[in-house]
Amino acid sequence: MENKSIDETFAGTDEQYTKVVNFTMQSGRFFSAAENSGGDNVVVIGSDVSTQLFGGSGVNPIGQVIKVKSSVQSNVGGVPLRVIGVIAPRGSSFFQNQDDLIFVPLVIGQEQILGVHYLQAIYVKVDDAANVSSTIAEISTVLKQQHHILSDVNVDFTVNNQADAIKILSTSPTRCVYF
């Protein structure tokens, strides 16, 4: 197989991601709790990533090793990760092609690729729309406690509601006035 280099977005996550974001596997599987907590060098790739790296080669991506560039390690070529799954095509959502993503265990993303010890985003799925406001309030309370924040002036995070974002994107003004 020839060497290929592509630029893609990765997400360090855990095995619960599949319960929060609905998708199906095209082949293989998502990583397990043991692989996540053990920091196994595994990766799940989007369908476009699979096509770009392996399409037309006749090579099954499952079991192949790809390398992801690291900002903390000087590994020649990057961190080696074994492909264990390919996600079925999902299309774009919120200006992001979901098929161009790769997913690695959280510990791999934090320690081997980025060298950080914090989370950039947390995705939560709420059981009922009626519980969204109370869930946002609970999340805010927990994050304030974890970040030792005593005053709302010092809040260093935001909690976004996907439904509100969809409203903003889908609402168009009925009348525009120019001066």
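**Helices, rings and a surface patch**

Trainee: Which residue follows α4, and what is the sign of its phi?

Mentor: α4 is followed by G115, whose phi is positive, near 70°; here helices are DSSP runs of H or I with at least four residues, strands are runs of E with at least two, and both are numbered from the N terminus. This is a predicted model in which local features need pLDDT of at least 70 and side-chain atom pairs count only at pLDDT 80 or more, while totals for chains, interfaces and linings use all residues. Residues are numbered from 1 along each chain as its sequence is written, and side-chain values use heavy atoms, with hydrogens and water left out.

Trainee: Which residues of α4 are buried, and what covers them?

Mentor: In α4, the buried residues are I108, G109, Q110, Q112 and I113, where buried means under 20% relative accessible area, exposed over 50%, and partly exposed in between, with a 1.4 Å probe and protein chains only. Their cover includes β1 (9–13), β4, β5 and β8, and it is judged by contact, meaning heavy atoms within 4.5 Å.

Trainee: How do you know where the buried residues of α3 lie around the helix?

Mentor: In α3 (residues 47–54), S47, V49, S50, L53 and F54 are buried. Seen down the axis of α3, these residues fall within an arc of 160°, so they line one face of the helix; the arc is that of the directions from the helix axis to the C-beta atoms. What covers them includes β2 (25–28), β3 (42–45) and β8 (101–105).

Trainee: Why is the pair of Y17 and F23 called stacked, edge-to-face or tilted?

Mentor: The structure holds six aromatic pairs, a pair being rings of Phe, Tyr or Trp (its six-membered ring) with centres within 6.5 Å, called stacked if the planes are under 30 degrees apart, edge-to-face if over 60 and tilted for the rest. The ring centres of Y17 and F23 are 6.0 Å apart and their planes stand at 40°, so this pair is tilted.

Trainee: What makes Y17 and F23 count as buried or exposed?

Mentor: Y17 has 11% relative accessibility and therefore counts as buried, and F23, at 17%, counts as buried too. Both belong to one aromatic cluster with F30, F31 and F103.

Trainee: Why does I122 count as buried or exposed, and where does I122 lie?

Mentor: I122 has 56% relative accessibility, so it counts as exposed, and its place is the loop between α4 (106–114) and α5 (132–146).
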